[in-house]
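User: I would like to learn how to read the disulfides and the overall build of a two-chain model. Could you take me through the features one at a time?

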Amino acid sequence: MRSLLLLAIGCSTHEPTFCPVGDPTAAAALDIIHLDDRYEPHTTTAYARVPLFLPQQGGWAARLGARATNIDGCHVDATTSFRDLDSAQVAKVDQRPTLLDDLGDGWGITPATAISELQFCPQPAATRDLHDEPYEVTVELVDLNGQHAAQSIVIVPVCDDDPTGRCLCMCARDYVIGSPCY
Amino acid sequence: MRLWLIALCACSSPQFQPWDLPTLSGDAGFSLRVPEFSVPPGRESQNCYFVRVPDIAQGRDLWIDRVELGINPGSHHVNVFRVKTIQGGLDPAAGTPTMLGDYEATVIEGSDDYAHNPCWQSSNWADWPLVANSQHSDAETPITNWQLPENVAIRFTPGDMLMVQTHYVNTSDQPTPYNARVGINFYNEHESASLVEMGSLFATQQNIRICRSNPQVTYAGTCRFPNAVTVAAANGHFHKRGDEFRIYSWDGASTSHPPDASQFYLSTEWDHPPMKLDIDLSLPTNSGIWWDCQYRWQPPSEFTCDDVDAKDPLHANDCCYTFGGNTDVGEHCNVFLYYYPRLTTDVFCL
């Protein structure tokens, strides 16, 4: 009976899907991307103004992902973080399973369904405003085979898509959680 | 064989003794009692009760050093929040008058209308600090007794508005066999001169997707404290796809996963996650916590994948569970944690 059970388990085991993007034997590389309010991807350049948006449970977050090559697009974890330029302290880390849609040119891109939402505000330990000030973001990808790529870049998170003023209020350095933002 | 099994189940089922909490009077504290109600089979119920902190000490602040919660089995959670920014219809003034024991209150009954009722809309308490909570309810131990660390207390000012949120589930996964019933006692410590205030941390991973095509996934996040703290208690919260919930201390500088030795909380039971008390973990300035939510996809038991798909904002049609309060069609990845000293603010990582 035990043998039968083991046999059955053995038969159901299968290799995970492998979806190489580019050459998985070469060094992996990535460029950070961010999404706008219409979920359209943009390559994130130095000092890019990256919009913050309101997730359903509150806070203000940036949608960040990657355009990457030489990596498995089906089994890859993303670690996204940001830190203050004046300090070695990391303000926030988000880690999740992600995907890369093959673009057909040797590169893949994070689809909206697998994007990281990195909370910028509120941050009770903030020493500067969290909007219209530069912060360094890092995106790191690691696939099932250990292929690894990372990029860090300075961005400027902005509240441009919020007409209510609440983003500016909650992303101010001296905002105290629970105080009104009208 | 079937007869034997039935007989065995009947003999081993716990005999439920209704819980009984003392009613506090004078300046000893105050007692809240949620009126008993039933939850129909196959349904969930989330209610939001609003009540003001009574003035029981001649206008002085109350310092609560012990919280007792009596909860009938079937409870998914009981959370007590301080009410702050009011938005989206979750307004105490919009509730139906009721009584919580001796105290006038209002209630917004969310029933299982998770898509529309404001009691289910989590954005409403995005800045409502948690005061106390329990996810523990079974027939043998229906009372959670939380004695805070020595010289540490929760501070209330008379007139503060509180919200008691009850969430009951009556499904095959989490039955409610004896009606829904909740009582809370807040014990007031009179000698307040040397007390330190307890703060709370609420952290959540909102952007989660547990999909049929990628059934085993782990999401992680971090949350920093504004000052050096001691962690007193914690519990994790997820739904039916939840496999393991782990919380670690985090140095606030590294983006790689903390070592196993820094883990201080583990839950493997989505329906009865443990509340870990007496953690007594000191964390230095600029540090915080790292938490993991590990999931294993399974189909819904009361609804269908069509219902799950209808809730998916990205319409992937992959039976992807996304953030949501109903345990059958939505998922959570929340940390409830208590620390001291609370300085200027509680902590939210959203």
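Analyst: The turns below go from the chains as wholes to single disulfides. Keep in mind that this is a predicted model.

User: How many helices and strands does chain A have, and how many does chain B have?

Analyst: Chain A has two helices and 13 strands. Chain B has two helices and 23 strands.

User: What box does the C-alpha trace of each chain fill along the principal axes?

Analyst: For chain A the spans are about 65 × 40 × 35 Å. For chain B they are roughly 60 × 50 × 45 Å.

User: What does the radius of gyration say about chain B?

Analyst: The value is set against the one expected for a compact globule of the given chain length. For 350 residues that expectation is near 20 Å, and chain B has 20 Å, so the two agree.

User: What share of each chain is buried?

Analyst: A residue counts as buried when its relative accessible area is under 20%. In chain A, 50% of the 182 residues meet this; in chain B, 59% of the 350 residues do. As for the surface, chain A exposes about 8500 Å², with 55% of it from carbon and sulfur atoms. Chain B exposes about 13800 Å², and there carbon and sulfur atoms supply 50%.

User: How do I read contacts by their separation in sequence?

Analyst: Take the contacts between residues at least 6 apart in sequence, then ask what part joins residues at least 24 apart. That part is 66% in chain A and 82% in chain B.

User: Where do the mean positions of the positive and negative charges lie relative to one another?

Analyst: In chain A, the mean positions of the 11 positive and 25 negative charges are 6 Å apart. In chain B, with 20 positive and 41 negative charges, the distance between the two means is 2 Å.

User: How many disulfides are there, and what is the pairing pattern in each chain?

Analyst: Over all chains there are nine disulfides. The pattern counts bonded cysteines along the chain. Chain A reads 1-2, 3-7, 4-5, 6-8, and chain B reads 1-2, 3-8, 4-10, 5-9, 6-7.

User: What does the disulfide of Cys48(B) and Cys119(B) tie together?

Analyst: The sulfur atoms of Cys48(B) and Cys119(B) are 2.1 Å apart, and the link is right-handed, with 90° about the S-S bond. Cys48(B) sits in strand S2 and Cys119(B) in the loop between strands S6 and S7 of chain B, so the bond ties together parts 71 residues apart in sequence. Both Cys48(B) and Cys119(B) are buried.

User: Are Cys211(B) and Cys320(B) buried or exposed?

Analyst: Cys211(B) has a relative accessible area of 10%, so it is buried. Cys320(B) is buried as well, at 1%. Their sulfur atoms are 2.2 Å apart in a disulfide, right-handed with 115° about the S-S bond. Cys211(B) is in the loop between strands S13 and S14 of chain B and Cys320(B) in the loop between helix H2 and strand S20, so parts 109 residues apart in sequence are tied together.

User: Why is the disulfide of Cys223(B) and Cys349(B) called right-handed?

Analyst: The torsion about its S-S bond is about 80°, so the disulfide of Cys223(B) and Cys349(B) is right-handed. Cys223(B) belongs to strand S14 and Cys349(B) to strand S23 of chain B, so the pair ties together parts 126 residues apart in sequence. The S to S distance of Cys223(B) and Cys349(B) is 2.0 Å, and both residues are buried.

Terms used
Residues numbered from 1 in each chain as written. Chains lettered and ligands numbered in written order. Predicted model: local features only at pLDDT ≥ 70, side-chain atom pairs only at ≥ 80, totals over all residues. Heavy atoms only, no water. Helix = DSSP H or I, 4+ residues; strand = E, 2+ residues; numbered from the N terminus. Buried < 20%, exposed > 50% of the residue type's maximum accessible area, 1.4 Å probe, protein only. Contact = heavy atoms within 4.5 Å. Areas by Shrake-Rupley, 256 points an atom, 1.4 Å probe, with all protein chains shown as cover. Lys, Arg positive; Asp, Glu negative; His and termini not counted. Charge placed at Lys NZ, Arg CZ, Asp CG, Glu CD. Disulfide = S-S within 2.5 Å. Rg over C-alpha atoms; globule rule 2.2 N^0.38 Å.
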